[in-house]
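Got your viewer open? Let's take a short walk through this model, one selection at a time.

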Amino acid sequence: MGRYLAKRLLIAIPSLLGISVVLFTVLALAPGDPFGELATNPAVPPEVRAALRVKFGLDDPVAVRYIRWIVAMLQGDWGFSFASRINVDTLILQRLPATLFVIGSAQVLALLIALPVGTYAAMRPYSFFDQIASTLSFVGFSLPTFFTGLLFILIFSVQLDWLPFVYRDIDATGWRWYWEHLRQAIMPICVLGLFQAASMTRYVRSAVLDVIRLDYVTTARAKGLGERIVIVKHVVRNALIPVVTLVALQMPAIFGGAIVTEQIFRIPGIGSLLISAILANDTPVIMAVTFVFACLVVLFNLIADVLYGWLDPRITLG
Amino acid sequence: MDGSILASPSAELAEPRRKPRQFSPWLDAWRRFRRHRLALISAIILLTMIAAVLLAPFVWRVAINDIDFAEHLKGPTWNHPFGTDDLGQDILARMLYGGRISLAVGLSAMAVAMLVGTTIGAIAGMSRRWVGPALMWLTDLFLSLPALPLLLLVIYLFRDSLKAAFGPEGGVFVMIVVVIGGLRWMPVARLVRAQFLSLREKEFVEAARALGASRLRQVVRHILPNALGPVIVAATIDVAAAIIAESTLSFLGLGFPPDIPTWGRILFDAKDYLDIAPYWALFPGGAIFLTVLSINFIGDGLRDALDPRKVM
């Protein structure tokens, strides 16, 4: 397992480097100046601007600038936010937990829905339950997150008045504090989780369908194992292997959904940070957040690979 | 069937020409597609929506920017079937206008994605040396790029210069289409490559090669048409994804400029009035949902129709 993990980590490095090259190329190709804000500011005299350009090496060749940038990123020197007046890394570290909490809980929710529903639907293909489930999952992944978010607010906040519709500061203490936090996180988690569950259910169903007719399942039944054990230990475990791949491939889309959800519910995460940074022309923050999102995608792919190795012991040997 | 070669010149004489039963792969696919009830209904809904969006401006002659404060935030009435927004502008007229943009973006972005994806997939599938693996590494790299943040980044960086080059509407259109298309070609490339890898070893390609067909002719005339089925399915799904991506950008306030009412933009404007004017958000949101759902069902129907291995 250790060697497998190390190998995976080594494979992740080139793709991270590749992503950083893509990001930097986009930035370098862009017209205008990352210090445009300073250039238009009449309070900054031209010679100061020129000195700043030299100091930050903006007139150097692209390759040199890329290397300097990547070295700085690796050393944790992510620059300074023009808009918030603090270091970018502190800013992101403040915002990251909220994002990870919402995304993580949404994934758990999606798994809790998709695994039982998908498996049950595949055990009785083309039954009434299966047809309802597949129609609902079609509806689910055709509903864009921004519309589901608004619908949820409309139903649960405006009409029923059960849940708060945006995040806000909570001054309660003790259990009440946790309760209030949970209450305001319910809707975003459901929006993301249900969207995710819809496509996951389809994957689980087709993966289980592929596996359930194989001979080893018949063997397991023939040796007298209960249906429950056959399904849970023999069918689902193997069916999960392709599901993990597909979920990992979906990760970028999930982060996209997270940005939208954070924006709708005003969650103080890195997604809403990205949007506000774009609206405020805060280039260092935009670059850093985009890079963090890319790192998270690679990280989740890595986790998927590890899960892969756990689900399918043959891979570890290879 | 035209194009088929008779075994002998007398074959035609032996069997007097009966009324030939029309049979082609496309007709067969249509027969299979019709059996998917939901896909058929979806196709009708989508065609109706396209027709409505294209033809309605000739029927529904209300300007999209006709400001009337006396009528602002009114629910659906006969004068304004979908109600009015905070400036008293007619939501139906705005949605019909926005629908054209959303559908145009979806179709054009799909075309870009298909073009790039098919080209890269075809080159990777035909190459026998290092080009294929290198292109696939690039594909995997793009697959792990976080699309929406990158989309936002590119729009942030290039917005102004494209606006200067193509005008406010055209610039954003070109950019959104190119970027959405440029970030969605990867699944197609993988699909096409996988198809090419198996098809290029088939006997009929070998026969074409033996007859002296050039590589380009092998690809264009023999391999590509046979790899088209899954590509068409992916293309359908991509239209839906591109529409969602465009609406997302507009919904975040970073897509088309405010005076161009795409469906996402109308939702963005409506979201602060959810408590007093819910219809304002429900109509454009419902339109996006209905379009995407129909396209997804059509894709599902096409998957059934174009997969010859599938036993109906």
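**Stop 1: two helices in chain A.** Select residues 88–123 of chain A, which is helix 5, and then residues 128–142, which is helix 6. Their axes come within 8 Å and cross at roughly 135°. That angle is why helix 5 of chain A counts as oblique to helix 6 of chain A. If you turn the view to look at the crossing, you'll be looking at a left-handed one.

Now show the side chains where these two helices touch. On helix 5 of chain A, pick Val117(A), Tyr120(A) and Ala121(A). Facing them from helix 6 of chain A are Phe129(A), Asp130(A), Ala133(A) and Ser134(A). Try colouring this contact by class: you should get five nonpolar residues, one polar and one charged.

By the way, keep in mind that everything you're looking at is a predicted model. For the complex, the predictor gives an ipTM of 0.79 and a pTM of 0.82.

**Stop 2: where the chains meet.** Show both chains together. How many residues of chain B are in contact with chain A? There are 36 of them, and they touch 38 residues of chain A.

On the chain B side, the elements that give two or more residues are helix 5 (131–143), helix 6 (147–182), helix 9 (215–251) and helix 11 of chain B. Which one gives the most? Select helix 6 of chain B: this helix leads with twelve residues. Colour the whole chain B side by class, and you'll find 27 nonpolar, six polar and three charged residues.

**Stop 3: a crossing between chains.** Next, select residues 145–159 of chain A (helix 7) together with residues 278–306 of chain B (helix 11). The axes of this pair come within 10 Å and cross at roughly 145°. The crossing is left-handed.

Zoom in on who meets whom. Helix 7 of chain A brings Phe147(A), Leu150(A) and Leu154(A). Helix 11 of chain B answers with Pro278(B), Ala281(B), Gly285(B), Ile288(B) and Phe289(B). Sorted by class, the residues of this contact are seven nonpolar and one polar, with no charged ones.

**Stop 4: confidence in chain B.** Finally, colour chain B by pLDDT. The mean is 79, and 84% of the residues in chain B reach 70 or more. Then select residues 8–14 of chain B, where the pLDDT is below 50. Leaving aside near neighbours in sequence, this stretch has two contacts in the model.

Conventions:
Residues numbered from 1 in each chain as written. Chains lettered and ligands numbered in written order. Predicted model: local features only at pLDDT ≥ 70, side-chain atom pairs only at ≥ 80, totals over all residues. Axes fitted to C-alpha atoms, helices over the stretch in contact; angles between N-to-C directions. Helix = DSSP H or I, 4+ residues; strand = E, 2+ residues; numbered from the N terminus. Left-handed = near helix turned anticlockwise from the far one by under 90°. Contact = placed C-beta atoms within 7 Å. Nonpolar A, V, L, I, M, F, W, Y, C, P; charged D, E, K, R; others polar. Parallel < 35°, antiparallel > 145°, perpendicular 65-115°, else oblique. pLDDT = per-residue confidence, 0-100.
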